[in-house]
Amino acid sequence: MTAAIFNDRQAIHLENDLLRLTVLVEGGHIAEIFDKRAGVSPLWIPHWKSIEPSRFGPDQHGQFGTDSDAKLLVGIMGHNLCLDIFGGPSEAEAAAGLTVHGEASVDRYEIEDSSNELVMRLTLQLAQLKFIRTIQLHGQHIRIQESVENLTDIDRPLAWTQHVTLSPPFLDPATTEFRASMARSIVSETDPGFARYLAPGAEFTWPIAPLREGGETDLRKMHPTAPASGYTAHLTTPERDHTYFVAYSPQFRLAFGYVWKSADFPWLGIWEENCSRQASPWDGKTITRGMEFGVSPFPESRREMVERNRVLDTPTYTWIPARGRLNAEYWITSQVSDSIPESLSWPE
């Protein structure tokens with residue numbers, strides 16, 4: 001483990017002969033998983049200048065505004081954690097200082113090297129949760145274990161999502177392919193961008209989704225032309241103990257994916273942005289695909305999440321008991337290949 005500066009941010013590198021993983025001290029984002037054989041990291045680095053969230057202030061209002069997502073956007077990269085909300089805060093929560101996707105994406109982590117693993121710790125002061133993440137490298141695989149502890153004396157609903165976002169040069173809307181072990185699916189009623197191409201609220205079976213103007217499209221590829229935007233939610237295949245997604249770049253001959261326990265995270269959300277957001281800081285330049293697995297189907301406020309309650313006969317959040325703890329484990333894999341793997345298995 002070595003301290004570093006990554007895109008003007010305080011960071012920590014953890015690496016072996018095949019991979020270099022970079023985490024940001026503020027926000028805790030997994031900003032980079034650089035495959036040394038392919039010479040690329042699939043994870044999103046925004047085109048705008050990144051700063052530490054703690055430095056966000058009036059000087060950034062012109063570019064990022066003052067909404068509850070501004071402090072997140074100034075420092076977002078790669079894979080960020082959404083806890084204990086997945087989406088925006090209420091007006092009252094925002095006035096109290098809560099940002100989009102919660103404190104875990106903007107606060108400063110304690111990070112240390114312990115027995116050849118990287119350990120990240122954070123206490124969420126507003127949510128009153130304690131979070132711990134450990135990261136280990138195993139060749140071309142990365143093992144991640146997380147725990148969330150409730151510091152209060154009440155049972156409470158919880159959102160917990162791994163917001164993994166891919167971007168160019170690895171991500172190419174015309175050629176990058178995706179596979180995932182999903183089943184029942186639904187298009188979000190609301191669009192996160194400004195160029196919706198899928199039929200809002202429509203239910204379907206992965207990967208063939210209904211188009212807004214009629215016909216169908218295969219979500220194993222992005223919409224090939226810009227502008228385009230969309231969000232779909234997908235349930236894990238019921239009979240599988242483990243769920244996966246994998247993305248493949250023929251240009252880099254790299255297959256990159258995640259495998260997780262279906263019982264931990266039953267939902268996968270797919271966010272697509274292809275140059276539809278014209279306002280600053282997006283400026284019509286962003287190409288991303290978010291592969292966001294967690295306990296909730298859609299990004300929305302806490303109240304909306306609770307009132308929605310269930311989608312496709314499945315809860316839209318989980319519960320954490322008073323003074324209780326929840327644990328989860330997942331793996332990341334990065335492998336050079338001449339074709340896309342049709343599935344990913346849990347590494348031994």
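## Two loop residues with positive phi

In this predicted model, N309 sits in the loop that runs between α4 (302-308) and β21 (310-311). Its phi is near 70 degrees, a positive value in a residue other than glycine. How buried or exposed is N309? With a relative accessibility of 36%, N309 counts as partly exposed, since that class covers the range between under 20% for buried and over 50% for exposed.

Q128 is another residue to look at in this light. Although Q128 is not a glycine, its phi is positive, at about 55 degrees. You will find Q128 in the loop between β7 and β8. Its relative accessibility is 29%, so Q128 counts as partly exposed.

## The sheet around that loop

The strands on either side of Q128's loop pair with each other: β7 (residues 117-124) and β8 (residues 129-138) run antiparallel, over seven bridges. To pick out one position in this pairing, start at L122; its bridge partner in β8 is F131. As a reminder, strands of a sheet pair through backbone hydrogen bonds, in either a parallel or an antiparallel way.

Both strands belong to an open sheet of eight strands, in the order β6-β7-β8-β9-β24-β18-β17-β11, with antiparallel pairing. Why do β6 (110-114) and β11 (177-180) each have one side without a neighbour in the sheet? They stand at the edges and have a single partner strand each, so one side of each is left free of a neighbour there. On average, neighbouring strands of this sheet are turned by 15 degrees against each other, direction ignored.

## Nonpolar cores

In soluble globular proteins, nonpolar side chains tend to be buried together. Here, the largest nonpolar core has 66 residues, and L83, W160 and Y258 are the ones with the most contacts inside it. Which residues does L83 touch? Not counting residues up to four places away in sequence, they are H101, G102, E103, A104, L124, L129, F131, V148, L158, A159 and W160. Apart from the largest core lies another one, of 26 residues, with W44, L73, I186 and L312 among them.

## Two buried strand residues and an exposed one

I33 is part of strand β4 (residues 30-35). With a relative accessible area of 0%, I33 is buried. Leaving out residues up to four places away in sequence, I33 touches R20, L21, V40, S41, P42, L43, I142, F256, Y258 and I332. Its C-alpha atom is separated by 9.6 Å from that of L14, and the two residues are 19 residues apart along the chain. T288 belongs to strand β20 (residues 287-294) and also counts as buried, at 0% relative accessibility. Beyond its neighbours within four places in sequence, T288 is in contact with W44, T165, L166, S167, L171, M222, W271, E272 and E273.

Now for a residue at the surface. E216 lies in strand β15, and its relative accessible area of 62% makes it exposed. With neighbours within four places in sequence set aside, E216 is in contact with I208, A209, P210 and L211. The C-alpha atoms of E216 and P281 are separated by 32 Å, for residues 65 places apart along the chain.

## Cis peptide bonds

If you are tracing the backbone, two peptide bonds deserve a look. The bond from P168 to P169 is cis, with omega near 10 degrees; P169 is placed in the loop between β10 (156-166) and β11, and β11 is one of the edge strands described above.

A cis peptide bond also joins A226 and P227, with omega about -5 degrees. P227 lies in the loop between β15 (216-218) and β16.

## A cavity

How many cavities of 30 Å³ or more does the model contain? The count comes to one. The volume of the largest cavity is about 40 Å³.

The residues lining the largest cavity are Y197, L198, L219, G230, Y231, T232, I270, E272 and R289. Of these, E272 is also a contact of the buried T288. At least two lining residues are supplied by each of β16 (228-236) and β19 (267-274). The largest share of the lining, three residues, comes from β16, the strand that follows the loop holding P227.

Conventions: Residues are numbered from 1 along each chain as its sequence is written. This is a predicted model: local features need pLDDT of at least 70, side-chain atom pairs count only at pLDDT 80 or more; totals for chains, interfaces and linings use all residues. Side-chain values use heavy atoms; hydrogens and water are left out. A nonpolar core is a set of buried Ala, Val, Leu, Ile, Met, Phe, Trp, Tyr and Cys residues joined through side-chain atoms within 4.5 Å. Buried means under 20% relative accessible area, exposed over 50%, partly exposed in between (1.4 Å probe, protein chains only). Contact means heavy atoms within 4.5 Å. Two strands pair if DSSP finds at least two bridges between them. Helices (H or I, at least four residues) and strands (E, at least two) are DSSP runs, numbered from the N terminus. Axes are lines fitted to C-alpha atoms, for helices over the stretch in contact, and angles run from 0 to 180 degrees between N-to-C directions. On a 1 Å grid over the protein atoms alone, a cavity is a set of points where a 1.4 Å probe fits but cannot get out, and a pocket is an open set with protein on both sides within 12 Å along at least five of seven lines; lining residues have an atom within 4 Å of a point. Grid points are joined across faces, edges and corners, and a volume is the space filled by probe spheres set on the points.
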